[in-house]
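Below is a colleague's note for someone meeting this structure for the first time. Please read it with the sequence and the model side by side.

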Amino acid sequence: MIKKDIQGFYDETGNLVGVFLSARLWQEIGSKINPILEEALLQLKGEKSLQENTFEVEEVLEPMEDWEKFLAFWDFRYPVEKKVLCKHCGQETEDWTVDSPRKFILKAANLGGLVAFQCLHCKARVLKRHFKDHITYEVKPFVKRG
């Protein structure tokens, strides 16, 4: 089974060039190893690690008044959920408000049900859309501009 799911690729002289993972295996482990791969790629490029790029929460003002308004006018068919999940790097919390150290910071909240966070691990934007009977997640990876 391993030979089907993991295959090495070699050049004409027998040197390992890369590794192929099957889609089945990637679906099973991708979210777990993605942060490790990203960190290793940054180090290979000689760039700062993701941990060094992480900024302090104290530097950022969160719109907590908007969050409080969102909670005050809550009328959906399910209880308030404080879970946040970054599908880009796999960072996850059951309650973003009590994490220490923080994993996500609140970037926006509105009465229409949109709550946006920034992942403190990979800086991706996590959009949590609350509908009357369900929640959806959308993740927009961080793009360094300039």
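The points that follow go from the overall build to the strands, the core, the aromatic rings and two individual residues.

1. Overall build. The model is a predicted one, and its protein has 4 helices and 8 strands. Read from the N terminus, these elements follow the order α-β-β-α-α-α-β-β-β-β-β-β. Of the 146 residues of the protein, 31% count as buried, while the area that the protein exposes is about 10200 Å², with carbon and sulfur atoms supplying 55% of it. Among the contacts between residues at least 6 apart in sequence, 39% join residues at least 24 apart.

2. The hairpin of E6 and E7. Strand E6, residues 114-119, runs antiparallel to strand E7, residues 125-130, and 5 bridges join the two. Within this pairing, Val 115 has Lys 128 of E7 as its bridge partner. The two strands form a hairpin with 5 residues between them, and Lys 123, which lies in the turn, has a positive phi of about 70°. The charged end of Lys 123 also deserves a look, since that end sits over the ring of Phe 142, at 5.4 Å from the ring centre.

3. The hairpin of E7 and E8. Strand E7 also pairs with strand E8, residues 135-140, in the antiparallel sense and over 6 bridges. Here Arg 129 has Thr 136 of E8 as its bridge partner, and the hairpin that E7 and E8 form leaves 4 residues between the strands.

4. The nonpolar core. The largest nonpolar core has 18 residues, of which Cys 86, Phe 104, Leu 106, Val 115 and Phe 117 touch the most other members. Helix H4 (64-72), strand E5 (104-109) and E6 each supply at least two residues of this core. To see the surroundings of one of these residues, the reader may select Phe 104, whose contacts beyond its neighbours within four places in sequence include Val 84, Leu 85, Cys 86, Phe 117, Leu 120 and Val 126. Among the other contacts of Phe 104 are Glu 62, Gln 91, Glu 92, Gln 118 and Cys 119.

5. The aromatic rings. The structure holds 7 aromatic pairs. One of them joins Trp 74 and Phe 76, whose ring centres are 4.6 Å apart and whose planes stand at 75°, so this pair is edge-to-face. Phe 76 also pairs with Tyr 78, but in this case the rings are stacked, with 5.9 Å from centre to centre and 25° between the planes. Trp 74 counts as buried because its relative accessibility is 19%, under the 20% that sets the limit; Phe 76, at 16%, therefore counts as buried too, and Tyr 78 is likewise buried. These three residues belong to one aromatic cluster, which they form together with Trp 67, Phe 70, Trp 96 and Phe 117.

6. His 88. Where along the chain is His 88 found? His 88 lies in the loop between strand E3 (84-85) and strand E4 (92-93), and its relative accessibility of 24% is the reason why this residue counts as partly exposed. The C-alpha atom of His 88 is separated by 7.3 Å from that of Ser 31, although the two residues are 57 residues apart along the chain. Leaving aside neighbours within four places in sequence, the residues in contact with His 88 are Asn 34, Glu 38, Cys 122, Ala 124, Val 139 and Pro 141.

Definitions and conventions
Residues numbered from 1 in each chain as written. Predicted model: local features only at pLDDT ≥ 70, side-chain atom pairs only at ≥ 80, totals over all residues. Heavy atoms only, no water. Phe/Tyr/Trp six-rings, centres within 6.5 Å; stacked < 30°, edge-to-face > 60°. Buried < 20%, exposed > 50% of the residue type's maximum accessible area, 1.4 Å probe, protein only. Lys NZ or Arg CZ within 6 Å of the ring centre and 35° of its normal. Contact = heavy atoms within 4.5 Å. Areas by Shrake-Rupley, 256 points an atom, 1.4 Å probe, with all protein chains shown as cover. Pairing = 2+ DSSP bridges. Core = buried A, V, L, I, M, F, W, Y, C linked by side-chain atoms within 4.5 Å.
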